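Work through the exercises below with the sequence and the structure open. Each task is followed by its solution.

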Amino acid sequence: MHSGSTQRRETDAACAIPVDDLPDGVVVVDHRGEVVAVNRAACRLTGVDAARAVGSHFPDVLPFRDNDGRDWWKWLDPYRGLRIRTRQPERSLYLPGGLELLVAARLVRRPERGGDVVRVVVTLRGAAARARLERSRADLVSTVAHELRSPLTSVKGFTATLLAKWERFTDDQKRVMLETVNSDADRVTRLITELLDVSRIESGRLQVHRQVVDVPARARKIIEGRVAAGDPAGRFRLDTRGPLPETWLDQDKIDQILGNLVENAVRHGRGTVTIVVEPVEWGVAVSVRDQGEGVAPELASRVFRQFWRGNARRRGGTGLGLFIVKGLVEAHGGTITVQRAPGGGAEFRFTMPAGTPDFA
C-alpha cells in the first residue's frame with residue numbers, strides 16, 4: 001500500500017509540473033506506461049491531442065521507430081533492465097508518416113539510486129534546427145576546402161619547383177616565389193584562426209581577457225598597419241569625439257574587430273573609410289563608415305551570418321569576418337548594428353560598455 005501511495009503521489013506531482021512553460025516538447029509517463037501529461041510544444045511537434053493522449057499507453061500515442069524500424073519504447077524497456085539507468089541520450093526517431101524528431105528520456109526512480117521507475121519524462125525537439133546546423137557545417141567544410149585549396153596548391157607548386165630546379169632561377173625569381181609562399185602561408189593561418197574563432201563562438205568557449213584599452217589608439221594602429229601594407233593614407237580618417245570613459249576590453253579582440261570592419265569597408269566599399277569613436281550613455285561607440293553602395297535594408301539581418309559576402313562581383317574572403325565580429329562584440333557585453341552611413345555607404349556601429357571588469 002505504501003508503495004502504491006508513493007507512486008500515486010509521483011503521478012500527481014508529474015501532472016502538476018508546469019510543462020507548458022518549457023520550450024521543448026515534454027511527455028510524462030507514469031509507472032504503468034500511461035501518459036499523464038503532454039505539453040503544448042509536444043502537441044505542436046507531433047500533432048497529438050493532449051486530452052486524448054492522457055491515460056493512453058505511450059506507444060499507442062507516439063509509436064516512435066528508429067532508423068532500423070525498431071519500436072523505440074519496446075527497445076527502451078524503461079521498467080526493467082539495469083536499475084542504475086536514469087536516462088536515454090537524445091537520438092533521431094520517426095513517427096508514422098516520416099516525421100523526424102530528436103527524442104530523449106529520463107527515468108525517475110524512487111529511491112533515486114536503484115529504485116523502481118515511477119516516472120519517465122520524454123523530451124522532444126524538432127529536427128529542423130539540427131538539419132540547419134548540419135547544412136551550416138557542410139557549408140563551412142566546403143568553404144574551408146575551397147579556401148585552402150588555392151594557397152596550398154600555390155605553396156606546393158612553388159616549393160616543388162624550387163626544390164627541383166633551384167639552380168635555374170635567379171635570386172630575384174627565388175625571392176618572388178618565396179614571397180608568394182609566405183603570403184599564402186599567412187592566408188592559411190588566417191583561415192585557421194577564423195575557424196577556431198567560429199568554433200569558440202558557437203560553443204560559448206570564447207574567453208575575454210580585460211584590460212584598460214585606448215580605443216582610438218587601437219583604431220590608429222589599424223590604420224597605420226593598412227598604410228604600411230600599401231593602402232593610401234588618404235583612404236582613412238579617424239574622428240574621436242569628446243572625452244571617452246575608461247573601457248576594460250580584450251585588446252587583441254578589439255584589434256580583430258576593428259581590423260575586420262576596416263577590411264570589410266575597404267573590400268566592399270569605396271571612397272574614404274572613416275572610424276568614429278565617441279562616448280555614449282553606457283560606454284563607447286565605434287562606427288566604421290565607407291562611401292560605397294551600402295547594405296540594403298532587407299539584407300541588414302543577414303550580414304552577420306556565416307558566409308555573407310555582400311556584392312558577389314567583388315567576392316572575397318571566407319564570409320566569416322562579420323560573424324566573428326558580432327561574436328567578439330557580444331562576448332564583451334556589447335552590441336553591433338549595420339545601417340546607412342550619413343554620407344551614403346555602410347556604417348557598422350558597435351558599442352562597448354564602460355567601467356571596471358566587475359561592471360563591464
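**Exercise 1.** State whether Phe64 is buried or exposed, then classify its ring pair with Phe58.

Solution. The model is predicted. Phe64 has a relative accessible area of 1%. Buried means under 20%, so Phe64 is buried. Phe58, at 0%, is buried as well. The two ring centres of Phe58 and Phe64 lie 6.4 Å apart, and the planes meet at 35°. Planes under 30 degrees apart would count as stacked and over 60 as edge-to-face, so this pair is tilted. Ring pairs also link Phe58 and Phe64 with Trp72, Trp73 and Tyr79 into a cluster. The structure holds seven aromatic pairs.

**Exercise 2.** Classify the ring pair of Phe304 and Phe348, and find which parts of the chain it ties together.

Solution. The centres are 6.0 Å apart with the planes at 90°, so the pair is edge-to-face. Phe304 belongs to the loop between β10 (283-289) and α10 (321-331), while Phe348 belongs to strand β12 (residues 346-353). The pair therefore ties together parts 44 residues apart in sequence. Phe304 is buried at 11% relative accessibility, and Phe348 is buried at 3%.

**Exercise 3.** Which strands stand at the edges of the open sheet of five strands?

Solution. Start with the strand order, β2-β1-β5-β4-β3, with antiparallel pairing. β2 (35-38) and β3 (87-94) each have a single partner strand, so these two stand at the edges, with one side left without a neighbour in the sheet. Next, take the pairing of β2: three bridges join it to β1 (residues 25-30). Here Val28 stands opposite Ala37 in β2.

Note on methods:
Residues are numbered from 1 along each chain as its sequence is written. This is a predicted model: local features need pLDDT of at least 70, side-chain atom pairs count only at pLDDT 80 or more; totals for chains, interfaces and linings use all residues. Side-chain values use heavy atoms; hydrogens and water are left out. Two strands pair if DSSP finds at least two bridges between them. Helices (H or I, at least four residues) and strands (E, at least two) are DSSP runs, numbered from the N terminus. Rings of Phe, Tyr and Trp (its six-membered ring) pair if their centres lie within 6.5 Å; planes under 30 degrees apart count as stacked, over 60 as edge-to-face and the rest as tilted. Buried means under 20% relative accessible area, exposed over 50%, partly exposed in between (1.4 Å probe, protein chains only).
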